[in-house]
Amino acid sequence: MQNIFDLTLEELKEILKPSFRAKQVWHWLYIAYQNDFNLMANIPKDLRAKLNESFSAKNLHIKEIQTSSDGTKKYLFLTNDNHSFESVLLKMKEQKIDKFGNTIQTPKYTICISSQIGCRIGCKFCRTGIDGLTRNLSCGEIIEQIVAIKRDNKILPQKRVNIVYMGMGEPLDNFDNLIKAIKIISNLDGLSISPKRQTISTSGISPMIDKLGEFNLGVQLAISLHAVNNETRNKLMPINKAYNIESIIESVRRFPIDTRKRVMFEYLMIKNINDDLQSAKDLLRLLNGIKAKINIILFNPHSGSNFERPSKESAESFASFLISKGLLATIRESKGIDIDAACGQLKYKDKLNKTKLKELEYKNKSKNKNVSYETKE
Ligand code: SF4
């Protein structure tokens, strides 16, 4: 049975005749978030039967939702072949002025999606990479995360959402599925999420950054830099031995960027590893001439890692130095920290030993009284 979310509209038109039927089905999938072909009311019965025979629109199943005290929701998805992985919905508030001049607050959504089950990059600070790569997510599985989360939260189709490929996995290590997913996600008749609202976050596989640049899709680029010299980066991210800092920076310089946008550099700050002022000075030198934004993230300690969270003061002086030199730098507030939904904390549970998992869940539940758990079947 084929995952219907794996198909572009053009591919669906080749299969469903007359082709306007493809557009109707597309509308049901992406605008009405309907995943039951039998409930697609304007589709003739025989075509619904054909769809049921050949396609599946239910390829991801929500097993659990954890809601953080800050509103962040972490979804545990189960695939049809029984693997699980996580995605995160971040809710922020956006201020707008209405036609009467009143300030109104509306929710702003960012969906952090996964591209792989596990990851083979093996960054030392990350829970996802601990057990290596199980498999790539298919193009359809990448897309269905967004549809499922929009459906679950009743997010209107016309409501703008941002997509960040910052969940589990290295998106550029699943390149073909990623490219196809970006195209389907941006289709104006469907989810219609502009490429400029989609950010690809990479550990820095420089030849793949170049390849992504050749497609010139208009997506945003985020680089998980985390260190300013190869010695430190080699220790944090073994991938740096293959593609070092210099090669990444060269690829970034070649990457086609909207002149109004900036390349985001993620800087995971770890106590006594990269939180000193000298690193800030070296970072400034490294990014010379690049329209960059530096996002400082304070390391979120988790079981299985010996790294420590830096002090707020060291992060602030690091950021202030960069800002004083004209760079855009922010300290990112980690959302969903109480439910392990923050950067580097996502972990697929089917590989965790069951006792360990129970221990972790018990610890989390007793630690976080404000976290709500919802288990779905
Ligand atoms: S930080 Fe990203 S690239 Fe590194 S191991 Fe984790 S998921 Fe993979």
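In the predicted model, the buried residues of helix α2 are R21, A22, Q24, V25, W26, W28, L29 and Y30. This helix is mostly covered, since 8 of its 11 residues are buried. The cover comes from several helices: the buried residues of α2 pack against α1, α3, α4 (139-152) and α5 (175-186). Two of the buried residues of α2, W26 and Y30, also take part in an aromatic cluster, where ring pairs link them with F5.

Helix α3 (residues 45-54) has L47, R48 and L51 as its buried residues. Seen down the axis of the helix, these residues fall within an arc of 105°, so they line one face of α3. Among the elements that cover them are α2 (20-30) and β2 (55-56). The face of α3 turned away from the buried side carries K45, D46 and E53, which are exposed.

The loops before and after α2 each hold a residue with a notable backbone. Most peptide bonds are trans, and most residues other than glycine have a negative phi. In the loop between α1 (9-15) and α2 lies P18, and the peptide bond that joins K17 and P18 is cis, with omega at about -10°. In the loop between α2 and α3 lies Y33. The phi of Y33 is near 55°, a positive value in a residue other than glycine. Y33 has a relative accessible area of 9% and is buried, because the cut-off for a buried residue is under 20%.

A positive phi also occurs at N272, where the angle is about 60° although the residue is not a glycine. N272 is found in the loop between β12 (263-269) and α9 (277-286). Its relative accessibility is 66%, so N272 counts as exposed, the cut-off here being over 50%. Of the two residues, then, Y33 is buried, whereas N272 is exposed.

Aromatic rings were examined for pairs whose centres lie within 6.5 Å. By this rule the count comes to 7 aromatic pairs. In one of them, F77 and F85, the ring centres are 5.7 Å apart and the planes meet at 35°, so the pair is tilted. An angle of 35° is called tilted because stacked planes are under 30 degrees apart and edge-to-face planes over 60. F77 has a relative accessibility of 0% and counts as buried. F85 likewise has a value of 0% and counts as buried.

The ligand is surrounded by C119, I121, G122, C123, F125, C126, T128, G129, G169 and S203. By type, the residues of this shell divide into 5 nonpolar, 5 polar and no charged. Glycine is counted with the polar residues in this division, and the shell includes G122, G129 and G169.

For the chain as a whole, there are 11 helices and 15 strands. Buried residues make up 54% of the 377 residues. Of the contacts with a separation of 6 or more, 65% are between residues 24 or more positions apart. The chain exposes about 17,500 Å², and carbon and sulfur atoms supply 50% of this area.

Technical notes
Residues numbered from 1 in each chain as written. Predicted model: local features only at pLDDT ≥ 70, side-chain atom pairs only at ≥ 80, totals over all residues. Heavy atoms only, no water. Phe/Tyr/Trp six-rings, centres within 6.5 Å; stacked < 30°, edge-to-face > 60°. Buried < 20%, exposed > 50% of the residue type's maximum accessible area, 1.4 Å probe, protein only. Near = heavy atom within 4 Å. Helix = DSSP H or I, 4+ residues; strand = E, 2+ residues; numbered from the N terminus. Arc of directions from axis to C-beta. Contact = heavy atoms within 4.5 Å. Areas by Shrake-Rupley, 256 points an atom, 1.4 Å probe, with all protein chains shown as cover.
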